[in-house]
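Hi,

Here is the structure I promised to pass on to you. Have a look at it first, and then read my notes below with the picture open beside them.

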Amino acid sequence: MRQQWLDCSGNQSVLKECEALLDGDKANYGAQKRLIFVMGAPRAGASAIAKELYAVAVRRGVRCLALGEAPWGTNVNLRNHYLRSLEVPLLPDDFWSNELSSRPYEAVVALRAYQAVLIDDGHDYFRCNKSVVRRNFDRVLQLTEVGAKRQVFVFGLHDILEPVAIKAANAGIEIIRLSLSSMPNDERYHNFVNRLISRYPIRSDRDRPFVDIGSVHRFSNGRVGLTADVVRDICSGLVLI
């Protein structure tokens, strides 16, 4: 079950920027192709933004295709996960083909007229062998069709996605970079941690776990996603710090 988004998160401002860009018809989308990279350190909270942005798209009625995290293993072909996300019957030969175009599936995409595509854990598609990386890069560029005014978001690790953004910019793509920063150990961070704690049922004050917020911040370096993981583990009795 997806946890409710907390507006006191340090990533709230980035989420709002993503929301403003969600619909290409309303986001000052010009003639140039566009890619939006939401990047940060490991466990900075990019995946949570991707999931929340998809929920926002559904509420707004924005036609959106979401590619979830790529599964562990050898299948890091972006096209395969793209076709799987369409939730239509897949012909095995087409599904496993390395071809970058398939008319029946592209017809489905055209008919659905997606306004946004969200690629979660996008770094997974660019830290494999060079031939797959090239195919995945070409597929990402294909998603930025000018006529569709489609907003393509790529979420993931900065160190891997930044070279992809540079290469796309050199190919003539408009690049928007949204960076995920760590939260300082201040009142807002303490409020964020306390809101995280309130997610977990506590029968009585005696059962309330002790959470040293300063220690949580030192352990997580203020990264939003890692902070949420640490608080979850403390409240579940899995770890003490």
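Before we get to the sheet, one bit of vocabulary: two strands count as paired if DSSP finds at least two bridges between them. Also, please remember that this is a predicted model.

**The sheet**

With that in mind, five strands make up an open sheet in the order 2-3-4-1-5, with parallel pairing. Which strands stand at the edges? They are strand 2 (64-67) and strand 5 (174-179); each has a single partner strand, so one side of each is left without a neighbour in the sheet. From one strand to the next, the twist averages 15°.

Now go through some of the pairs. Strand 2 and strand 3 (residues 116-119) pair in the parallel sense over four bridges, and Leu67 sits opposite Ile119 in strand 3. Strand 1 is joined to strand 5 by six bridges, with Arg34 opposite Glu174 in strand 5. Six bridges also join strand 1 to strand 4, and here Met39 stands opposite Gly156.

Strand 1 is a good one to click through, as seven of its seven residues are buried. In a regular strand, side chains alternate between the two faces of the sheet. You can follow that here: Arg34, Ile36, Val38 and Gly40 point one way, while Leu35, Phe37 and Met39 point the other way.

**Helices on the sheet**

Helix 1 (residues 12-21) packs on the sheet and touches strand 1 (34-40), strand 4 and strand 5. Its direction makes about 155° with that of strand 5. Helix 2 (residues 46-60) packs on the sheet too, touching strand 1, strand 2, strand 3 and strand 4; its direction makes about 155° with that of strand 4.

Helix 2 has 15 residues and reaches 21 Å from its first C-alpha to its last, close to the 21 Å expected at 1.5 Å a residue. Its buried residues include Ala46, Ser47, Ile49 and Ala50, and what covers the buried residues of helix 2 includes helix 1 as well as strands 1, 2, 3 and 4. Just after helix 2, Gly61 takes a positive phi of about 80°.

**Two residues to find**

Is Gly156 buried or exposed? Gly156 lies in strand 4 (residues 151-157) and has a relative accessible area of 6%; buried means under 20%, so Gly156 is buried. Leaving aside neighbours within four places in sequence, Gly156 is in contact with Val38, Met39, Gly40, Ala46, His123 and Leu161. Gly156 and Asp121 are 35 residues apart in sequence, yet their C-alpha atoms are 4.8 Å apart in space.

Then look for Asp120, in the loop between strand 3 and helix 6 (130-143). Asp120 is buried as well, with a relative accessible area of 4%. Not counting residues up to four places away in sequence, Asp120 touches several residues, among them Ser47, Ala50 and Lys51, and also Leu67 and Phe155.

**A helix crossing**

Last stop: the axes of helix 8 (residues 187-197) and helix 9 (residues 213-220) come within 10 Å and cross at roughly 100°. Angles of 65 to 115 degrees count as roughly perpendicular, so that is what helix 8 is to helix 9. Tyr189, His190, Val193 and Asn194 of helix 8 make the contact with Ile213, Val216, His217 and Ser220 of helix 9. These contact residues divide into four nonpolar, four polar and no charged.

Enjoy clicking around!

How values were computed. Residues numbered from 1 in each chain as written. Predicted model: local features only at pLDDT ≥ 70, side-chain atom pairs only at ≥ 80, totals over all residues. Heavy atoms only, no water. Axes fitted to C-alpha atoms, helices over the stretch in contact; angles between N-to-C directions. Helix = DSSP H or I, 4+ residues; strand = E, 2+ residues; numbered from the N terminus. Parallel < 35°, antiparallel > 145°, perpendicular 65-115°, else oblique. Contact = heavy atoms within 4.5 Å. Nonpolar A, V, L, I, M, F, W, Y, C, P; charged D, E, K, R; others polar. Buried < 20%, exposed > 50% of the residue type's maximum accessible area, 1.4 Å probe, protein only. Expected span 1.5 Å × (residues − 1).
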